[in-house]
Amino acid sequence: QGAGIRDSVPLDVKQMLDSMGSSTHQRNQKVIQRSLWCAWQNGLLKTPQKEEEPVTIRVYLPNARMENTDAEVAKLRLLRNENVAELLGIQNSSSHPTPAFVFRGDLTPLSRFLKSRLSSVKENIPRILHEILLALEYVHKKKMVHMELNQDTIMIDENSIVRLCGACKPKMAALPPNTAIVNTGDFVYLAPEVLQGELYISTADVYAFGLLVFEIFIDLPFK
């Protein structure tokens, strides 16, 4: 648990979750970025030198059904790669079963980055895809997966560099009891075997990456 992070990150996990409402489609785009099982919020961390450092905070949503993240945190602390966001520490909350993960940098979802008006966005796409692959290769070698890999969960820093912050241990996907009545767009990036109840492993990331590439180049999101 990073020294000083619990007291210095201005984050109320319960308030963050309550502000999003119950639907995955109700998002506060100025503050909250939400996916199936996680939510992100940008913030500031006060350093011992009284300076403010930009950070990105990730928290598991209640529907992820996560009860203990100790092993995941231990593995995240050891990740050192240019295209994987650095974990600075965690922040516990008495109102939420799992801690908030605090990563270095003011990170932006790829979906938002691609919609920017920067003339170099399209020129950067091949490099960005290559960096995603390099990050996934590194994460997989560490016996972890990204899980839920898509334009909303891939993060880009202020220098347009990929910084993945969704690495986790392989696990079963937390799916609704009746998948026949949910919006398929919510789960389209999940491999068929994951939707059938099998463990989410590295091959499921590869499946999602293939859909991501196709989606970007035809400029049309899957639904």
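**Charged pairs, a two-faced helix and an aromatic contact**

Asp157 sits in the loop between E7 and H6. The model is a predicted one, and this aspartate makes a handy starting point for a look around it. At 9% relative accessibility, Asp157 counts as buried, because the cut-off for that label is under 20%. Its side chain is kept busy by the backbone of its own loop. A polar atom of that side chain lies 2.8 Å from the backbone nitrogen of Asn159, and the side chain also reaches the backbone nitrogen of Ile161, again at 2.8 Å. Leaving aside neighbours within four places in sequence, Asp157 is in contact with Asp106, Leu107 and Arg163.

Arg163 deserves a second look. Asp157 and Arg163 form a salt bridge, with the closest N and O atoms 2.9 Å apart. Side chains of opposite charge can pair in this way when their charged atoms come close. The two partners do not share a setting: Asp157 is buried, with a relative accessible area of 9%, while Arg163 comes out as partly exposed at 23%.

Elsewhere, salt bridges with shared partners tie Glu53, Glu86 and Arg104 into one network. Within that trio, Glu86 and Arg104 form a salt bridge whose closest N and O atoms are 2.8 Å apart. This pair links distant parts of the chain, with Glu86 in the loop between H3 and strand E4 and Arg104 in strand E5, 18 residues apart. Glu86 is partly exposed, with a relative accessible area of 30%, and Arg104 is partly exposed too, at 37%.

In total, the structure holds 7 salt bridges. Another of them joins Lys171 to Glu72, and here the closest N and O atoms are 3.6 Å apart. Lys171 belongs to the loop between strand E7 and helix H6, whereas Glu72 is part of helix H3, so to speak a long way off along the chain: the two are 99 residues apart. Lys171 is buried, with a relative accessible area of 17%, and Glu72 is buried as well, at 4%.

The loops also hold a couple of backbone oddities. Most residues other than glycine have a negative phi. Ser160 goes against that habit, with a positive phi near 65 degrees. Ser160 is found in the loop between E7 and H6, and at 15% relative accessibility it counts as buried. Glu148 is not a glycine either, yet its phi is positive, at about 60 degrees. Glu148 lies in the loop between H5 and E7 and is buried, with a relative accessible area of 6%.

Next comes helix H7, which covers residues 202-218. Its 17 residues should span 24 Å at 1.5 Å a residue, and the end C-alpha atoms are 25 Å apart, which agrees. The buried residues of H7 are Ala204, Asp205, Ala208, Phe209, Leu211, Leu212, Glu215 and Ile216. These residues cover an arc of only 165 degrees around the axis, which puts them on the same side of H7. A general rule helps to picture this: an α-helix has 3.6 residues a turn, so residues three or four places apart point the same way. The buried residues of H7 pack against helix H4, helix H5 and H6. On the other side of the helix, Val206 and Phe217 are exposed. After H7 comes Asp219, whose phi is positive, near 55 degrees.

Finally, there is 1 aromatic pair in the structure. Tyr60 and Phe101 make up this pair, with their ring centres 6.0 Å apart and 85 degrees between the planes. That arrangement is edge-to-face, because the angle is over 60 degrees. Tyr60 lies in strand E3 and Phe101 in strand E5, so the pair ties together parts that are 41 residues apart in sequence. Both Tyr60 and Phe101 are buried.

How values were computed. Residues are numbered from 1 along each chain as its sequence is written. This is a predicted model: local features need pLDDT of at least 70, side-chain atom pairs count only at pLDDT 80 or more; totals for chains, interfaces and linings use all residues. Side-chain values use heavy atoms; hydrogens and water are left out. A salt bridge is a side-chain nitrogen of Lys or Arg within 4 Å of a carboxyl oxygen of Asp or Glu. Helices (H or I, at least four residues) and strands (E, at least two) are DSSP runs, numbered from the N terminus. Buried means under 20% relative accessible area, exposed over 50%, partly exposed in between (1.4 Å probe, protein chains only). A polar contact is a pair of N or O atoms within 3.5 Å; within protein, one must be able to donate a hydrogen and the other to accept it, and residues adjacent in sequence count only if both atoms are side-chain atoms. Contact means heavy atoms within 4.5 Å. The expected span of a helix is 1.5 Å times one less than its number of residues. The arc is that of the directions from the helix axis to the C-beta atoms. Rings of Phe, Tyr and Trp (its six-membered ring) pair if their centres lie within 6.5 Å; planes under 30 degrees apart count as stacked, over 60 as edge-to-face and the rest as tilted.
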